[in-house]
Amino acid sequence: MSEGYHIPDGISYTEEDEWARRLEDGTVLVGISDYAQKQLHEVVYVELPEVGGEVAQGDSIGAVESVKSVSDLFSPVSGTVVEVNEALLDSPELINEHPYGEGWIAKIEPSDLDEDLARLMDAKAYGEHVAARAH
Amino acid sequence: MPVWYEGVIPEHNAVRNAVGVFDTSHMGRVRAEGPDAERFLNHVVTNNVSTLEPMNGIYTVMCNPRGGIVDDLIVYKLADGRFFIVYNASNREKDFAWLEGHSEGFDVGLRDVSDEIAMIAVQGPRAEETLQKICSEPVSEIGRFQLARVRLSGFDAMMARTGYTGEDGFEFFLLDTPLESPERALKVWDDLLEAGEEFGIKPCGLGARDSLRLEAGLCLYGNDIDDDTSPLEARLRWVIKFKKPIDFIGKEALMRERKGGVKRSRVGIVMEERGLPRHGYEVWDGDERIGVVTSGGLSPTLGVGIAMGYVPRDYRKAGNPVRIKIRRRLAKGKIVKFHPFYDESKYGWRRGSK
C-alpha cells in the first residue's frame, strides 16, 4: 500500500510522479506528488518552464532540486505553458508543504487533453505504482 | 551514516551555528608500526612525517608515480615508530593494498583497525563545550591537529582537533569498540546528544557532511581529486615537501609539473544567477567550454549555488566571470578567492580571531 503518502482522488498522475488537475477554465495545473516531494525531501530550487512555451506530453519542462539531487519535471499533458508559479523561486519549500496546492508548478493550456489524460493514472492506479516502488 | 536524520539544511546549520555529531566509523584507519614506519610513510606520502611531534597529525596526500592522488589522509604520530592513519572510506581496500604494496624493504607492520575502533566527529563552535561534559581531560588544551588520550563517558579514546566541516571540532577514536559489539560507541553517542542538547546538537548525515565540506572548500576524493589529478592542480601544493630527505612516490612527476606549470587549476565558483551547479556540469567562458564542475550544490550559509571545479590555469583569477551549463541554459557565476566560500570572520574555526 501507499501508506504515508497523500494521493488525492480526482486528479491524474504520471509514472514520473507529476500530477495534472483540470481547472474549470479548461487549463491544467501541474505539480509533483506527495510521494515525489517526500523522496526529494528538502526542495531548495525549482527550474520553472518558460511561459509561452509549447510542450508535448512527456517533455522535460523544468526541474525540482533538493540539496542532494535533481529531478526532471515531465509535462503530464501537451499544450502551451500559460503561467508558472513564481512564488516557488523564493519559496521552493512550498512543494514540500503543499504539493497539490500552493506548490503547483505550471499551468498549461492543453491541446489534446482527453487523449493525454487517458494515458495517465487515476489515484488508485498511482497508489499501486507508488506501493510497487516502496517495496 | 544515513544521508540525513532530520534534513540536510537543519543539520548543516546546526554545525555552522552550534554543534553536530557524525558517525564516521566507515572511514579507513590503519596502524603503521616498526623501526622503519617513519621512513616508510615519508616514502608514500608527500608531506613530511618527520616534522611531527608525538601525538600530532598532518594532512597529506599519497600519489602514484604519475603524480595523481591515490588518496588524501591524515597521519598521526603516536610515538617514535608508531603511527595512526585515517583515510577515506571509499578507498579502504585500495589504500591498504597500496600501503602494503609499497612496504617491501621497510621494517614496518601495517594493520587495518577500521573495524576495531569506532570513530565519531563532533563539529561546530559548541563542540568543545559539548565534549568537555563527557571528557576526562581538558578539551581546550588540545590544539588543532593534536591528538590526546582521553576517556569519554569513561571509555578509552584518542581525540584530535580535526574535522571536515571548516568549523572547530574534534574527531575521536574509541578504542576497543569492535563492529560487532557497538555498545560503548552507542553509549558515547547518546551521552553526546544529551551533553549538546542545550546547544541544539543534531546528529548529522552524509548530506550535511558534503555541503559543509563544500562550503569550507575541502576536497572530496572521487569528485575533486582522484588518480588522474595532481595535488598541484588541486592547489594542495602546501602538502608537498619536495625537499624532505627521502624521495616519495610521484616526486619526479610533480617536479616536472611544477617546472612546466599546471595546465588546469581547482577553483571555487559562486553563482550570480539562479541555479545549482552539480558534479559534471560544464564550465564555459563565452562560447568556449573551459572546464568542469567537480562538486557543487546549494550553500545553505550563503543561500546561493556554489561549486568547485577545474579550469585552465589562466582563468583561475578571482573575479573572472564564467558560466555554468545547467541543463539548457548557461547561468552566470564568478570565480572567487580560493578556500572557504563563507566569510571567515563569521564562520569556520577562525571566526572571531580576525
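Here are some exercises with worked solutions on a predicted model.

**Exercise 1. The contact of the two chains**

Work out how many residues each chain gives to the contact, and which elements of chain B take part.

*Solution.* Start with the count: chain B puts in 13 residues and chain A puts in 11 residues. Next, look for elements of chain B that supply two or more residues to the side touching chain A; these are helix 1 (8–17), helix 6 (206–215) and strand 14 (288–299). Finally, sort that side of chain B by residue type: six are nonpolar, four polar and three charged.

**Exercise 2. Two helices of chain B**

Describe how helix 1 of chain B packs against helix 6 of chain B: what are the angle, the distance between the axes and the residues that meet?

*Solution.* Two numbers come first, because a packed pair of helices is described by the angle between the axes and the distance between them. For helix 1 and helix 6 of chain B, the angle is about 55 degrees and the axes are 8 Å apart. That angle makes helix 1 of chain B oblique to helix 6 of chain B. As for the hand, the crossing of helix 1 and helix 6 of chain B is right-handed.

Now list the residues. Helix 1 of chain B brings B:V8, B:E11, B:H12 and B:V15, which meet B:G207, B:A208, B:S211 and B:L212 of helix 6 of chain B. By type, the residues of this helix 1 and helix 6 contact split into four nonpolar, three polar and one charged.

**Exercise 3. Helix 2 of chain B**

Is helix 2 of chain B mostly covered or mostly open, and what covers its buried residues?

*Solution.* Helix 2 of chain B spans residues 37–44, and seven of its eight residues are buried, so call the helix mostly covered. The buried ones are B:A37, B:E38, B:F40, B:L41, B:N42, B:H43 and B:V44. Then look at what lies over them: the cover includes strand 2 (28–33), strand 3 (56–63), strand 4 (69–79), strand 5 (82–87) and helix 3 (92–101), each in chain B.

**Exercise 4. A hairpin and a cysteine in chain B**

Find the sense in which strand 8 and strand 9 of chain B pair, then place B:C135.

*Solution.* Strand 8 (residues 147–152) and strand 9 (residues 155–160) of chain B pair in the antiparallel sense, over six bridges. As a check on the register, B:L147 sits opposite B:A160 of strand 9 of chain B. Two residues lie between the strands of this hairpin, and B:S153 takes a positive phi near 50 degrees.

On to B:C135, which is in the loop between helix 4 (127–132) and strand 8 of chain B. It has 21 C-beta neighbours inside 10 Å, so B:C135 counts as buried. Setting aside neighbours within four places in sequence, B:C135 contacts B:V150 and B:L152. For a distance, take B:C135 and B:A157: they are 22 residues apart in sequence, with 9.6 Å from C-alpha to C-alpha.

**Exercise 5. Positive phi without glycine**

Where are A:H41 and B:R235 found, and how exposed are they?

*Solution.* Take A:H41 first: it isn't a glycine, yet its phi is positive at about 70 degrees. A:H41 is in the loop between helix 1 (34–40) and strand 4 (43–47) of chain A. Its 19 C-beta neighbours inside 10 Å make A:H41 partly exposed, because buried needs 20 or more.

Then do B:R235, another non-glycine with a positive phi, here about 60 degrees. B:R235 is in the loop between helix 6 and helix 7 (251–260) of chain B. With 16 C-beta neighbours inside 10 Å, B:R235 counts as partly exposed.

Definitions and conventions: Residues are numbered from 1 along each chain as its sequence is written. Chains are lettered from A and ligands numbered from 1 in the order in which they are written. This is a predicted model: local features need pLDDT of at least 70, side-chain atom pairs count only at pLDDT 80 or more; totals for chains, interfaces and linings use all residues. Two residues are in contact if their C-beta atoms, placed from the backbone, lie within 7 Å. Helices (H or I, at least four residues) and strands (E, at least two) are DSSP runs, numbered from the N terminus. Ala, Val, Leu, Ile, Met, Phe, Trp, Tyr, Cys and Pro count as nonpolar, Asp, Glu, Lys and Arg as charged, and the others, Gly among them, as polar. Two strands pair if DSSP finds at least two bridges between them. A residue is buried if 20 or more other C-beta atoms lie within 10 Å of its own, exposed if 12 or fewer, and partly exposed in between; C-beta atoms are placed from the backbone. Axes are lines fitted to C-alpha atoms, for helices over the stretch in contact, and angles run from 0 to 180 degrees between N-to-C directions. Angles under 35 degrees count as roughly parallel, over 145 as roughly antiparallel, 65 to 115 as roughly perpendicular and the rest as oblique. A crossing is left-handed if the near helix is turned anticlockwise from the far one by less than a right angle, and right-handed if clockwise.
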